[in-house]
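Visitor: Could you take me through one part of this structure up close? I'd like the helix that comes last along the chain, and how it sits in the whole.

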Amino acid sequence: MGLLKTKVWTWYDIGLLKWCVLLFGMVAGALLHEYVRQYIWLILAVAVLLAVRPTLAYFRH
């Protein structure tokens, strides 16, 4: 069983995964709101840095 294998996802598999991640993020945000609020600018800067490469890859092709 390979962990990193290529798979063609159906539209409903992607939808279910998105809802799962959204709900998990809501729960994590509710539990960690004090920590997130304390480091909001650092977290935002890391998020922007992590988005640079995918954004460049998207617009290059």
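Here is a walk along that helix, and then out to the chain around it.

Guide: Sure. Keep in mind that this is a predicted model, where local features need pLDDT of at least 70, side-chain atom pairs count only at pLDDT 80 or more, and totals for chains, interfaces and linings use all residues. Residues are numbered from 1 along each chain as its sequence is written, and side-chain values use heavy atoms, with hydrogens and water left out.

The protein chain reads α-α-α, with three helices and zero strands; helices (H or I, at least four residues) and strands (E, at least two) are DSSP runs, numbered from the N terminus. Your part is helix 3, residues 40-60. Its 21 residues should span 30 Å, because the expected span is 1.5 Å times one less than the number of residues, and the end C-alpha atoms are indeed 30 Å apart. There's a bend in helix 3, though: about 30 degrees at V52, with a proline, P54, following within four residues. That bend is the angle between axes fitted to the seven residues ending there and the seven starting there.

Now the surroundings. The C-alpha trace of the protein chain spans about 40 × 30 × 25 Å along its principal axes. Buried residues (under 20% relative accessible area, 1.4 Å probe, protein chains only) make up 0% of the 61 in the protein chain.

As for trust, pLDDT (the predictor's confidence in each residue, from 0 to 100) averages 88 over the protein chain, and 97% of the residues score at least 70.

How values were computed. Buried < 20%, exposed > 50% of the residue type's maximum accessible area, 1.4 Å probe, protein only.
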